[in-house]
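This report goes through the chains, the contacts between them and the strand pairings. The structure is shown first.

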Amino acid sequence: MLRAFLALLVIGTLAACGPSGNQDSESEGASSTAGSVETSNASSVLLRTETATDPVVGPSTVTVFVLNPDGSGVSGATVEVTGDMTHAGMVPVIDTATEVRPGEYATGAFEFTMAGDWILTTDVTLADGTSLTDEVELNVARE
Amino acid sequence: MAERITLPTHGSYPPQPRGFDLLRLPGLRHFLRWKHARLVFQLPLLLLALFVIVDGLTGRQLAPRNFATTATWLHYRGLVVVALAVAGNAFCAGCPLMLTRRPANFLKRMLGREFRWPKALKSKWLVGFLLLAVFFSYEAFNLWASPWLTAWLAIAYFAGALAIDAFFPKGTFCKYVCPLGNFNFMFASISPTQVTATDTSICDSCSEKPCLHGRESYADPTRASGDLAFIPLSSVTHANGEGQFPGCETNLMVPTMTGNMDCTSCMNCVRACPYDNVSITVRSPARELLARAWDRRWGLPLMTVATAMLYWGLLNAMAMVPPFYDVAEWLSRTLTTRNETLLLGVIFAGITVLGLVVSLAAAVASDAVGGKGVHPRAAIMRWGYVFVALGFGFWAAHYLFHFLTGAASIWPVTQHFFEWRGFDVDPNWRIARFIPSSWLFPTAAAVSGAYALLASYVTIRIALRDFGRKAALAMWPMLLFVLAITAFQVVVLALPMEMRGTILGPTL
């Protein structure tokens with residue numbers, strides 16, 4: 001009986017496990033999304049990741065905005081954008097975004113290699129070493 | 001309660017392959033005769049299954065970065081087809097689901113009785129339905145994109161194995177229920193190895209048939225439980241220890257085996273045979289397809305499911321190429337519905353029925369041209385083995401394509417498993433491919449083509465076997481069918497992939 005109870009307990013616990021979300025900030029939307037996270041120095045920094053509206057297969061620019069609460073840009077950050085498809089094993093597209101204006105970072109060689117569902121993960125490291133992550137889901141159409 | 005088995009009379013054993021015995025490789029026989037040999041394969045796979053469940057339920061819900069989706073939909077599937085093609089049913093041999101056997105026996109003792117598996121389910125129809133359910137669920141619920149659902153699928157397999165084997169005779173789950181195992185059983189028919197009797201004259205004089213029923217051996221006969229045939233330790237050739245050595249759980253007797261159907265490669269027979277008279281024999285991949293092995297085992301239900309597998313394999317790949325979405329949109333407009341489950345159901349039903357009809361037509365045409373008249377059942381049982389070869393070729397090509405695309409990603413995914421849980425590791429996500437991307441299509445097409453050649457060879461041999469002077473006529477409808485299906489397969493492999501979570505319009 002004890003074993004049966006323990007088995008039920010395990011099953012109940014597993015059943016309570018919903019899909020865990022991203023531990024970092026998560027954004028919604030197709031072509032332009034926003035997310036914000038608290039930094040370790042207690043100030044609030046806003047991340048916004050943008051792609052072209054209705055992205056298609058081929059080269060594309062991903063723009064990442066790193067902004068202070070007052071809207072001013074945060075300079076000197078290291079920004080990396082990773083594009084994953086929703087199927088395991090697909091080679092991710094990884095590109096570093098460079099600062100084109102204060103707080104605005106753009107990729108130079110990012111390419112959507114396949115049509116379908118994509119997830120863009122933006123990893124930002126601020127000058128003070130604080131790490132931020134943003135995640136954007138979007139659908140890429142055929143050319 | 002074990003099923004009643006009709007044992008063959010003396011001298012009636014069917015011919016078995018007589019190639020090289022892999023157990024002659026140094027150390028292999030000794031290892032496989034070891035009582036705990038199977039655990040050596042099962043424990044690592046159990047560990048991997050635990051990783052799948054833990055990361056699937058609690059890890060990052062991004063398929064390419066989660067162990068559940070990567071290990072299941074990339075590595076398991078890829079390595080299964082590689083193992084089937086070059087060795088045999090290796091994954092059933094190491095199946096961790098069978099580690100539920102002890103808990104199942106415990107539950108069985110608690111229940112105090114064992115139920116008979118319903119007679120109506122003693123065929124491969126249920127397996128066919130469950131395979132279809134898995135393939136349909138894969139598309140309908142985007143299992144490939146959901147670590148969480150993938151983990152639950154793994155849990156469901158463990159729970160299913162436990163429940164079925166707790167209520168019903170052991171081996172019931174493998175033989176009548178398990179979709180994974182039956183996928184392997186069907187396609188192990190093209191594997192280059194088979195369990196055989198080394199010397200059937202020894203089987204003639206063996207009255208206990210321990211390969212089937214099991215045995216127990218002790219130096220001290222008073223220790224015998226009486227549950228299994230007692231063979232004194234002194235009578236065991238190359239004795240492999242004391243204790244109980246279970247026989248075949250799917251009721252196969254080694255000298256009567258004409259193929260790999262229902263053989264889980266558990267090697268119980270190797271351990272149970274007191275005369276060390278079991279071999280793992282190398283054979284031609286065409287041998288079982290030409291032996292009419294399924295006529296005697298499962299017959300039409302199995303052949304129908306195996307034929308449908310050819311089309312479910314095509315559908316599984318087509319569901320990620322642009323024309324599939326165009327067809328879905330057209331169907332949506334025609335049926336005036338945006339219900340994707342309904343549309344997917346219509347597509348699955350349509351392709352299954354269309355595929356079976358086209359296959360049957362090709363088989364009947366070959367029979368008719370060869371002068372055998374129009375007998376659909378006889379035709380499909382004769383030519384169905386051609387569809388098995390074609391089906392495996394495409395499943396292998398498709399799964400291998402994905403495996404080679406991202407096999408190396410298991411390394412950063414494993415690193416991420418620990419990173420997600422606070423360990424200081426930095427996965428290198430650039431690691432993914434095994435081979436250059438320009439090699440992917442040629443490799444997949446070559447695999448598909450190789451099994452098309454096997455299907456053609458089987459076609460020609462069947463024609464020569466059954467049609468005498470009309471063989472040259474009888475083979476042509478089937479050869480044209482093989483050519484047409486192979487061309488279609490290569491076109492599907494050549495199309496650009498599109499991975500969407502919905503069949504109508506964008507998901508996100």
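How far apart do the C-alpha centres of domain 1 of chain B and domain 2 of chain B lie? In this predicted model, the two centres are 26 Å apart. The domain assignment places domain 1 of chain B at 12–287 and domain 2 of chain B at 298–508.

**Domains of chain B**

Between the domains, 36 residues of domain 1 of chain B are in contact with 37 residues of domain 2 of chain B. On the domain 1 side, the elements that give two or more residues are α2 (37–58), α3 (67–86), α6 (125–140) and α9 (179–187) of chain B. By class, that side of domain 1 has 21 nonpolar, 9 polar and 6 charged residues.

**Contact between the chains**

Chain A puts 27 residues in contact with 35 residues of chain B. Three elements of chain A give two or more residues to its side of this contact: β5 (78–85), β9 (115–125) and β10 (131–140). Of the elements, β9(A) gives the most, with 4 residues. The residues on the chain A side divide into 14 nonpolar, 9 polar and 4 charged.

The two sides whose composition is given are set out below.

| Side | Nonpolar | Polar | Charged |
|---|---|---|---|
| Chain A, touching chain B | 14 residues | 9 residues | 4 residues |
| Domain 1 of chain B, touching domain 2 of chain B | 21 residues | 9 residues | 6 residues |

β9(A) also takes part in strand pairing across the chains: 2 bridges join β9(A) to β6 (residues 498–499) of chain B, and the two strands run parallel. Within this pairing, Gly116(A) has Met499(B) as its bridge partner in β6(B).

**Chain A**

Chain A holds 1 helix and 10 strands. Read from the N terminus, the helix is followed by the strands, in the order α-β-β-β-β-β-β-β-β-β-β. Of the 143 residues in chain A, 36% are buried. Among contacts in chain A between residues at least 6 apart in sequence, 57% join residues at least 24 apart.

**A sheet in chain B**

Which strands form the open sheet in chain B, and in what order? The sheet has 3 strands in the order β3-β2-β4, with mixed pairing. Its edge strands are β3 (229–230) and β4 (243–245) of chain B, each of which pairs on one side only. Strand β2 (residues 215–217) of chain B is joined to β4(B) by 3 bridges, and these two strands run antiparallel. In that pairing, Ser217(B) has Gly243(B) as its bridge partner in β4(B).

Terms used:
Residues numbered from 1 in each chain as written. Chains lettered and ligands numbered in written order. Predicted model: local features only at pLDDT ≥ 70, side-chain atom pairs only at ≥ 80, totals over all residues. Contact = placed C-beta atoms within 7 Å. Nonpolar A, V, L, I, M, F, W, Y, C, P; charged D, E, K, R; others polar. Pairing = 2+ DSSP bridges. Buried ≥ 20, exposed ≤ 12 C-beta atoms within 10 Å, placed from the backbone. Domains from an automatic or database assignment.
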